[in-house]
Amino acid sequence: MDFGRLVTAMVTPFDENLQINWSRVKVLIDHLIDVQKTDSLVICGTTGESPTLTEAEKLQLFEFAVRYVNGRCKVIAGTGSYDTAHTIHSTLQAEKLRVDGILLVAPYYNRPSQEGLYQHFKMVAEATQLPIMLYNVPHRTGITVAYETTVRLAEISNIVASKEAHADLDHMTQIISRVPNEFKVYSGDDSLTLPVMAIGGYGIVSVASHIIGAEMKQLIDYFLSGENLKAAEAHAKLFPIFKGLFRVPSPAPVKHALFLRGIDVGGVRLPLLEVNEAEGLFIQSLLR
């Protein structure tokens, strides 16, 4: 399974009462596929506010996305949690809904050992036929998936990729140099798209692609065609947006940026807050 080079971790559109707005979901999916050129959508990842979505809402989103996307890009369901049995249950539910793949975050809060991490991911992989992308995000989970653990997991046939959402290029290099060629390493940080690809990474699981996906695709194409100077120039041009969209807790900034671009995806659920006036003006200045 190839999820493509540009994967968007999609926000969840809400209405005025912070319930899922299905008409806005349609508008956003069309925007991400047709305008921003995304290859895959992650549904109910962190950017989709998965911590404050109910199980029923997640399943509704998976089903709706698969039906509405209708093969135009891949749909990856975020089903990971800190409970192996619950993760397996959620994964099997998503599989029934015909998603194309699974994103599995490292178990957060309970801080398992590396062997515990290995057994968690292995058990989920053995329970499903779907291709799995691991998600190593230490600053959110409180646990790092060691590169040795990822290399072991890459031997499991349906564990096909890892999203590495940190800035440790040495860690990623250790993975890339040891895994089979078909195993893909993705940056989980927009500003590291080019650096990670330069060390052998495959692509990006992106937030900024809601706004500058087509430009990011161009950056990637420059790099793949050997036009390294153009890739570096594109990276420098996009860098302020990469960083600026995380000035306050995500996804409030990117939701506001979408609103400024004419795509109203609503607010965020507590404990997250919408951007304030000053933050909104800053985001507006970024988009100029």
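A pocket, in the sense used here, is an open set of points on a 1 Å grid over the protein atoms alone, with protein on both sides within 12 Å along at least five of seven lines. The structure under discussion is a predicted model. In this model, the second largest pocket holds about 400 Å³ of space. Its lining consists of 22 residues, of which His139, Arg140, Gly188, Asp189 and Phe246 are the closest to its centre. Helix H5, strand S8 (203-206) and helix H10 (228-244) each contribute at least two residues to this lining. By class, the lining of the second largest pocket comprises nine nonpolar, eight polar and five charged residues.

The largest pocket encloses about 640 Å³. A total of 29 residues line the largest pocket, and Gly45, Thr46, Ser50, Pro51 and Tyr108 are those that lie nearest its centre. Two or more lining residues come from each of H2, helix H3 (84-96), strand S4 (101-105) and helix H5 (138-141). Helix H2 provides the largest share, with four residues. The lining of the largest pocket is made up of twelve nonpolar, twelve polar and five charged residues.

Attention may now turn to helix H1. This helix covers residues 22-35, 14 residues in total. From its first C-alpha to its last, H1 reaches 19 Å, close to the 20 Å expected at 1.5 Å a residue. Which residues of H1 are buried? They are Arg24, Val25, Leu28, Ile29, His31, Leu32 and Ile33. These buried residues pack against two strands, S1 (6-9) and S2 (40-43), and against three helices, H2 (55-69), H9 (209-224) and H11 (252-260). Helix H2 thus appears both as a packing partner of H1 and as a contributor to the lining of the largest pocket. After H1 comes lysine 37, whose phi is positive, near 65°.

The cysteines remain to be considered. A disulfide requires a pair of cysteine sulfur atoms within 2.5 Å, and by this rule the model has zero disulfides. For cysteine 44, the nearest cysteine sulfur belongs to cysteine 73 and is 14 Å away, and cysteine 44 is in no disulfide. Cysteine 44 counts as buried because its relative accessibility is 3%. Cysteine 73 is likewise in no disulfide, the nearest cysteine sulfur being that of cysteine 44, 14 Å away. Cysteine 73 also counts as buried, because its relative accessibility is 7%.

Definitions and conventions. Residues are numbered from 1 along each chain as its sequence is written. This is a predicted model: local features need pLDDT of at least 70, side-chain atom pairs count only at pLDDT 80 or more; totals for chains, interfaces and linings use all residues. Side-chain values use heavy atoms; hydrogens and water are left out. The expected span of a helix is 1.5 Å times one less than its number of residues. Buried means under 20% relative accessible area, exposed over 50%, partly exposed in between (1.4 Å probe, protein chains only). Contact means heavy atoms within 4.5 Å. On a 1 Å grid over the protein atoms alone, a cavity is a set of points where a 1.4 Å probe fits but cannot get out, and a pocket is an open set with protein on both sides within 12 Å along at least five of seven lines; lining residues have an atom within 4 Å of a point. Grid points are joined across faces, edges and corners, and a volume is the space filled by probe spheres set on the points. Ala, Val, Leu, Ile, Met, Phe, Trp, Tyr, Cys and Pro count as nonpolar, Asp, Glu, Lys and Arg as charged, and the others, Gly among them, as polar.
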